[in-house]
Amino acid sequence: MGSETTVRLPVIDFSKPDLKPGSAEWDSVRANVRQALEEFGCFEAKFDKVPVEIRKGIFSALEELFDLPLETKLRNSSKKPFHGYVGQYPQVPLYESMGVDDANIMENVKSLTNSFWPQGNQTFCKTIQSFSEQVSELDETIRRMVLESFGLEKYMDEHMNSTNYLLRVMKYKGPQTTETKIGLHAHTDKNIVTILFQNQVEGLQVQTKDGKWINAKPSPDSFIAMIGDSFYAWTNGRLYSANHRVVMTGNEARYSAGLFSIPKGGYIIKAPEVLVDEKHPLLFKPFDHVEFLGFYYTEAGQRAQSALNTYCGV
């Protein structure tokens, strides 16, 4: 599986009561966020806004969801890659996932829930929506801190309004062996920010800039926050979009829920001029995230060492 290291991801606490814009605490956490995203592209986030019953309930909801018959799960369909049901892939036999677009909006979650359970499932619906709504606060805080750290406040409204949310829920079956098996191949995310929450079955690994793999082992109440290629491009490479993968061993299933902030179709990702200078020449031509995603899932995109560089590198 390649070399692994005992280096740990930075841990940043967003649960402090005095964490408000303009406060000394805010400025301190903001500096830590910037440093972590420059060095690792991700970090472990302590965040207590998600109630305990929702944090526990999300995994019960995922077990219930993935236990549905395959023909039911296939009702989760989408024209966008990796937005609907994904499973039955020989390359990643342990992995299956489903997507809920705009999962922070109750009507959207209700619509999907009713397609799985025509009689309704209020507990599932409330858990998914509440989780997404609360975690979206962490996403917004991280993005706000990043823009502030670069002095880009004038872009704040446009940046925040340029995205919507996808909740992607994932199951990795235990391989029933002590040998390490691939749950999901190494990749970078393609979106803005990803917030991951997992049960306590380990498996997530993150690659450092020097090629070493870190075992990400967040505490039961923590999240992993990670930037994707679109934010990497928007910041003109100032942040780091990290390769990551899932490796599995043993008998237990791994469940995780990831909230992805994703650029809306038609919105052009373009690095602000202030982030382009002699020391930091422009790395990428402006691009539409949805079109980039379409390229990524072509044969050429999958073959490319860096789909982003191949697609729009300068």
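**A buried ion pair and its surroundings**

At 1% relative accessibility, Arg 143 counts as buried. The model is a predicted one, and Arg 143 is a convenient place to enter it. Its side chain forms a salt bridge with Asp 139, the closest N and O atoms being 2.9 Å apart. Asp 139 also counts as buried, at 1% relative accessibility. Both residues belong to helix H5 (residues 122-149), where they sit four residues apart, about one turn of the helix.

A search of the whole structure finds 15 salt bridges, and two other pairs can be set beside this one. In helix H1, the side chains of Asp 27 and Arg 30 meet in a salt bridge with an N to O distance of 3.3 Å. Because Asp 27 and Arg 30 are three residues apart in helix H1, about one helical turn separates them. Asp 27 is partly exposed, with a relative accessible area of 33%. The pair does not stand alone: Asp 27, Arg 30 and Glu 148 are linked in a network of salt bridges.

The other pair is Lys 217 and Glu 202, whose closest N and O atoms are 3.9 Å apart. This salt bridge links distant parts of the chain, with Lys 217 in the loop between strand E9 (213-215) and E10, and Glu 202 in the loop between strand E7 (193-198) and strand E8 (204-207), 15 residues apart. Lys 217 counts as partly exposed at 46% relative accessibility, and Glu 202 is partly exposed with a relative accessible area of 47%.

Helix H1 also leads to the strands. Strand E2 (residues 11-13) pairs with strand E3 in the parallel sense over three bridges. The chain passes from E2 through helix H1 (residues 24-39) to E3, and this β-α-β crossover is right-handed. Within the pairing, Val 11 stands opposite Glu 44 in E3. E3 is also joined to strand E10 (residues 222-227) by five bridges, and these two strands run antiparallel. Here Phe 43 stands opposite Ala 225 in E10. Strand E3, residues 42-46, is mostly covered, with four of its five residues buried.

E10 falls inside a stretch that carries an annotation. An unreviewed UniProt entry places the feature "domain: Fe2OG dioxygenase" at residues 162-263. In the model this span is 6% helix and 56% strand, and its end C-alpha atoms lie 6 Å apart.

Two loop residues draw attention by their backbone angles. Most residues other than glycine have a negative phi. Gln 176 is not a glycine, yet has a positive phi of about 60°; Asn 236, also not a glycine, has a positive phi of about 55°. Gln 176 is found in the loop between strand E5 (163-172) and strand E6 (177-187), while Asn 236 lies in the loop between helix H7 (229-234) and strand E11 (244-250). Gln 176 is exposed, with a relative accessible area of 55%, whereas Asn 236 is buried, at 3%.

Another loop, between helix H3 (70-73) and strand E4 (95-101), holds Gly 84. This residue is buried, with a relative accessible area of 7%. Gly 84 and Leu 166 are 82 residues apart in sequence and 10 Å apart in space, C-alpha to C-alpha.

The path ends at the surface. Val 276, Leu 282 and Val 314 make a nonpolar surface patch of about 240 Å². Leu 282 is found in the loop between strand E13 (268-269) and strand E14 (287-288), and is partly exposed with a relative accessible area of 36%.

Terms used:
Residues are numbered from 1 along each chain as its sequence is written. This is a predicted model: local features need pLDDT of at least 70, side-chain atom pairs count only at pLDDT 80 or more; totals for chains, interfaces and linings use all residues. Side-chain values use heavy atoms; hydrogens and water are left out. Patches are made of residues with over 30% relative accessible area and no salt bridge: like charges are joined within 9 Å, nonpolar side chains (Val, Leu, Ile, Met, Phe, Trp, Tyr) within 5 Å. Accessible areas come from the Shrake-Rupley method with a 1.4 Å probe; for residues, only the protein chains shown count as cover. A salt bridge is a side-chain nitrogen of Lys or Arg within 4 Å of a carboxyl oxygen of Asp or Glu. Buried means under 20% relative accessible area, exposed over 50%, partly exposed in between (1.4 Å probe, protein chains only). Two strands pair if DSSP finds at least two bridges between them. A crossover is right-handed if, with the strands pointing away from the viewer, the path from the first strand over the helix to the second runs clockwise. UniProt positions are given in the numbering used here, feature names are shortened, and annotations may be inferred rather than shown by experiment.
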